[in-house]
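Me: I'm new to this structure and would like a close look at a single part of it. Could you take me through the second largest pocket, and then show me what lies around it?

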Amino acid sequence: MKIVGYAYLHERLELGVFPPVCPARVRPVTRIVTLEDELAVPAERAPEDDLLSHLLFALKHEGIDLAILSETLHHLPPQALTKALDDAPNGIYLRRLAYLYEAFVDRLPVEPKIRGRAVPLFDSKYYVTGPARRNSRWRVDFNGLGTLHYCAVVRRTPEIEVLLEEDVLAEARAFMASLPPRMLDRAIQWAYLSETQSSFAIEREPPSPDKQQRFMQLLRKAHEGQPLGEGYLIELQNSTVSNPYDKAAVFRHEQNYLHNGLPGAIGVSYLPPPPELCEALMKALMAWANGLSEAGAEDGEKSVPALVAGAVISFGFVFLHPFMDGNGRISRFLLHHALCRMGELPRDNLLPISVAMKRHEADYLAALEAFSKPAREHWRVNWIDADHYDFRFVGSDALYRYWDATPAVAFTLRMAREALKEDLKAETRYLACYDRVYRAIDARFDVRGSDLARLVMMSLNQNGRLSKNRRKQFRYQVPEEVLDAIEAEASMALEEAEALVDQRTQS
């Protein structure tokens, strides 16, 4: 079937960027309709066979694909665009196209004659948008997640709409505020420890006590709200890497790559942008991240949702890979840094998102590979010997400049919700059960505190039971009567906690 719009432009011009997520094709339909994986277009609605017609069709029916647009506009004759503007000076799609043409190519030899209102570049009905910055010449508001030098796109899928509506961070703040101070303090201590251990576990690295302590301290510093800069990120990298030879002094000046363990060139699974491009895009990403809190204060409801911003910064950082080592842990730290800098969590509080990520590593990998796999296809890799390769980038810079963050944001929102409901709330329920059982047994029996603490934890971790081996282990320290009482109290506490969860779920 004939392709139109972005798919036509991508194929005809052999652009070095990703093809459209939902290509438009001519189908035997009576109206333009979105199917599962394509946009079906009736033959009579298909654009004429020229670049401008396909560009206007794409803008009207397919939304904004900055990567394809930035590459295609270099091939568009300016005369075709100026003539169209003369014929329809107020056309919103022509104005958007003219604005982008001047941003990506050159100034058009025409004076706009616009009488209509200003129009946004991204339609907030279909995209998560940011604060608007107006181009007065074409009366177009740039409202993307970034700038025209570096911009992520997040489509408002049904899943993302539902997750944003839930407002997990507001629920987390309310939950933390509802806890008694001592309970909250213990839960947050658990959150910092578990977040640290899970972040290292994702990297398949067992942390030494010293490295674990350093990373926990690093997480607490996220609340300081320090702006992102090369020097700050280098400090972070140095604090997460123990090998002195891997500690960075600047952003990388050589090509980095990820390896999947297979031999030769097929073992190279991802290549971030070349060093010069990486440095430029890191500056753009950091500048956008640093402006988020200011934009949020000025624009109120128009500010970027914090978890969306955190996902863009976290995944954007790891896709750029500015260091030779330590990028993964820093990327997950940057998610917390964004939430803290945007004032979404009270000081010292933490949502253990990496704990949920570790539990859903396959989904985490899928979110990463949604970008890394197609990006790998735009590199030519020749294996020389041992660890030596020849890398040649055959794609366009726009591939890394303008990326679809929808999978990354959806995953991050799901993990934040699960971190609250399945981890932080579960831990506080556990602590409440622990306190209840410990107090009940301590009031009835004279048991050494350390033994009682261990036995209560063991019974709660085994659904209110103590195994025969545990009973045997403590048979000369704790009477059988006490062990039976611990089991009874633990079972009762767990049952009542479960009933309370069910009651809240039903209500």
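Reply: Happy to. Let's start with the elements that build this pocket: β10 (258-259), β11 (268-270), α12 (306-320), α13 and α15 each give at least two residues to the lining of the second largest pocket. Among these contributors, α15 gives the most, with eight residues. Please keep in mind as you look that this is a predicted model.

How much space does the second largest pocket hold? Its volume is about 980 Å³. In total, 30 residues line the second largest pocket, and those nearest its centre are E203, L258, H321, L365 and L368. If you want a place to begin in the 3D view, find these five residues and work outwards. Sorted by class, the lining of this pocket consists of ten nonpolar, nine polar and eleven charged residues.

Helix α15 also leads us to another opening. Spanning residues 361-376, α15 supplies at least two residues of the lining of the largest pocket, as do α2 (51-61), α3 (66-72), α5, β5 (119-120) and β14 (402-404). The largest pocket has a volume of about 1300 Å³. Of the 45 residues lining the largest pocket, E62, G63, I64, Y127 and R155 are the closest to its centre. Here the lining divides into 29 nonpolar, four polar and twelve charged residues.

Where do those residues sit along the chain? The domain assignment gives domain 1 (5-115), domain 2 (159-421) and domain 3 (444-506). Both domain 1 and domain 2 provide at least three residues each to the lining of the largest pocket. As for domain 3, its centre and that of domain 2 are 39 Å apart, taken over C-alpha atoms.

Helix α13 takes us from open pockets to enclosed space. The structure has four cavities of 30 Å³ or more, and the largest cavity has a volume of about 70 Å³. Eleven residues line this largest cavity, with A289, I313, H337, A338 and R341 the closest to its centre. The elements giving two or more residues to that lining are α13 (327-341) and α11 (275-299). By class, the lining of the largest cavity has seven nonpolar residues, three polar and one charged.

One last stop is α5, which we met at the largest pocket. Packed helices are described by the angle and the distance between their axes. The axes of α5 (residues 92-104) and α4 (residues 78-87) come within 10 Å and cross at roughly 145 degrees, and the crossing of α4 past α5 is left-handed. On the α4 side the contact is made by P78, L81, A84 and L85, which meet L94, L97, A98 and Y101 in α5. The residues of this contact divide into eight nonpolar, no polar and no charged.

So that you can retrace the route: start at α15 in the second largest pocket, follow α15 to the largest pocket, and return to α13 for the largest cavity.

Key
Residues are numbered from 1 along each chain as its sequence is written. This is a predicted model: local features need pLDDT of at least 70, side-chain atom pairs count only at pLDDT 80 or more; totals for chains, interfaces and linings use all residues. Side-chain values use heavy atoms; hydrogens and water are left out. Domain bounds come from an automatic or database domain assignment. On a 1 Å grid over the protein atoms alone, a cavity is a set of points where a 1.4 Å probe fits but cannot get out, and a pocket is an open set with protein on both sides within 12 Å along at least five of seven lines; lining residues have an atom within 4 Å of a point. Grid points are joined across faces, edges and corners, and a volume is the space filled by probe spheres set on the points. Helices (H or I, at least four residues) and strands (E, at least two) are DSSP runs, numbered from the N terminus. Ala, Val, Leu, Ile, Met, Phe, Trp, Tyr, Cys and Pro count as nonpolar, Asp, Glu, Lys and Arg as charged, and the others, Gly among them, as polar. Axes are lines fitted to C-alpha atoms, for helices over the stretch in contact, and angles run from 0 to 180 degrees between N-to-C directions. A crossing is left-handed if the near helix is turned anticlockwise from the far one by less than a right angle, and right-handed if clockwise. Contact means heavy atoms within 4.5 Å.
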